Amino acid sequence: MMKNFKDLRIVFMGTPEFAVASLDAFVKAGANIVGVITAPDKASGRGMHLSQSAVKKYAVKNNLPLLQPVKFKDESFLNELKTLNADVQIVVAFRMLPVVVWDMPPMGTINLHGSLLPQYRGAAPINWAVINGEKETGVTTFKLQHVIDTGNVLLQEKFPIEEKDTAGTVHDKMMMIGANLLVTTIQRIVDNTLSEKPQADFEEAELKQAPKIFTETCRIDFYKTVEEVYNLIRGLAPFPAAFTFLDEKVLKVFFAEKEICQHEMACGEFLTDGKTFLKYACSNGFIHFKDIQLEGKKRMLIEDFLRGYRFEK
């Protein structure tokens with residue numbers, strides 16, 4: 001017999017701020033969170049002080065039982081997990097789980113993914129949706145199975161990607177939409193009003209992937225169109241940020257504007273009045289850098305940067 005929502009024993013797994021919104025949504029919905037699993041504290045900063053994950057900070061503040069395993073297959077951790085006697089596990093922005101973990105609860109393990117699966121499977125779905133110039137994206141709840149991001153779809157919710165959205169603004173929208181969708185997913189499973197749908201049932205012309213972002217991914221290729229460069233900058237802002245070079249120093253770009261026009265400049269050359277604008281030539285126009293950070297300097301608006309910078313050529 002299916003339990004009521006508030007009687008379910010839920011184990012929540014997550015690490016960054018993105019996951020906190022979902023955990024908070026369950027707490028506010030009156031869910032019975034019997035355990036929170038997050039990454040171990042790690043040394044960071046100049047003093048190598050131990051820093052706690054955003055999920056751990058939330059769990060401690062709200063007196064939720066906490067586990068921080070180093071290895072998921074460690075026998076002592078698995079025994080602790082079993083004693084929590086979870087009905088279902090919720091996973092948001094967490095590392096890959098072995099079968100022995102995700103297959104443990106009777107209702108399985110439910111994951112939140114930042115795309116409309118089966119599109120944009122992989123590590124960086126938000127970034128790639130913006131980089132590729134998509135006009136909409138969404139979130140998907142699905143059941144974990146052996147191959148990553150391939151489990152049966154439970155619920156999806158779409159929302160538009162606006163012209164000036166960045167990966168950061170899409171992330172923030174998705175964080176809240178996804179949190180609510182997860183709670184709805186569990187409520188509907190309990191109410192027996194939700195059916196699983198294999199991803200193979202979604203007819204898509206071409207699957208788009210979302211692989212990990214590497215340094216070379218972030219380097220701007222000015223031989224591409226203004227639109228492509230603009231989308232790359234948006235899709236990598238605020239982190240890790242698209243970049244090029246200025247006077248042999250790395251120049252990160254967080255926000256830009258487009259100028260579509262014909263010109264005779266070589267792609268990658270720049271123009272500036274030294275006061276108000278810095279624009280780089282692309283194949284079909286210019287990309288205006290508006291919010292930047294030069295290597296060794298702080299992030300600043302272009303007018304502030306130009307006021308104090310002397311170009312070498």
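**Figure 1. Helix 3 and its two faces.** The exposed residues Glu 75, Lys 82 and Thr 83 sit on the face of helix 3 turned away from its buried side. The model shown here and in the other views is predicted. Helix 3 spans residues 75-83, and its buried residues are Phe 77, Leu 78 and Leu 81. Viewed down the helix axis, these buried residues lie within an arc of 100 degrees, so they line one face of helix 3. The cover over them includes strand 1, strand 2, strand 5, strand 6 and helix 4 (99-102). Asn 85, just after helix 3, has a positive phi of about 50 degrees.

**Figure 2. Helix 2 and the elements it packs against.** Helix 2 (residues 54-61) has Val 55, Lys 56, Tyr 58 and Ala 59 as its buried residues. They are on the same side of helix 2, because the arc they cover around the axis is only 165 degrees. Lys 57 and Lys 61 are exposed and belong to the face turned away from the buried side. The packing partners of the buried residues are strand 1, helix 1 (17-28), strand 2 (32-37) and strand 5 (66-67). Asn 63 follows helix 2 and has a positive phi, near 55 degrees.

**Figure 3. The open sheet of 7 strands.** The strand order in this open sheet is 5-2-1-6-7-8-9, and the pairing is mixed. Strand 5 and strand 9 (153-160) are the edge strands, each pairing on one side only. At the strand 5 edge, 2 bridges join strand 5 to strand 2 in the parallel sense. Val 36 has Leu 66 in strand 5 as its bridge partner.

**Figure 4. Strand 6 between strand 1 and strand 7.** In the order 5-2-1-6-7-8-9, strand 6 stands between strand 1 and strand 7. Strand 1 (residues 9-14) and strand 6 run parallel and are joined by 5 bridges. Ile 10 is paired with Val 88 of strand 6 as its bridge partner. On the strand 7 side, strand 6 and strand 7 (residues 109-113) also run parallel, with 4 bridges between them. Opposite Val 91 stands Asn 111 of strand 7.

**Figure 5. Burial of strand 6.** Strand 6 (residues 88-92) is largely enclosed by the rest of the structure, because 5 of its 5 residues are buried. Burial here means under 20% relative accessible area. Val 88, Ile 90 and Val 92 are buried on one side of the strand, and Gln 89 and Val 91 are buried on the other, so that both faces are covered. Strand 6 is also among the elements that cover the buried residues of helix 3.

**Figure 6. The whole chain, for orientation.** The chain contains 9 helices and 15 strands. Its C-alpha atoms fill a box of roughly 75 × 50 × 30 Å along the principal axes. Of its 313 residues, 48% count as buried. Among contacts between residues at least 6 apart in sequence, 65% join residues at least 24 apart. The accessible surface of the chain is about 16,300 Å², and carbon and sulfur atoms account for 51% of that surface. The chain has 38 positive and 39 negative charges, and the mean positions of the two sets are 5 Å apart.

Technical notes:
Residues numbered from 1 in each chain as written. Predicted model: local features only at pLDDT ≥ 70, side-chain atom pairs only at ≥ 80, totals over all residues. Heavy atoms only, no water. Buried < 20%, exposed > 50% of the residue type's maximum accessible area, 1.4 Å probe, protein only. Pairing = 2+ DSSP bridges. Arc of directions from axis to C-beta. Contact = heavy atoms within 4.5 Å. Areas by Shrake-Rupley, 256 points an atom, 1.4 Å probe, with all protein chains shown as cover. Lys, Arg positive; Asp, Glu negative; His and termini not counted. Charge placed at Lys NZ, Arg CZ, Asp CG, Glu CD.
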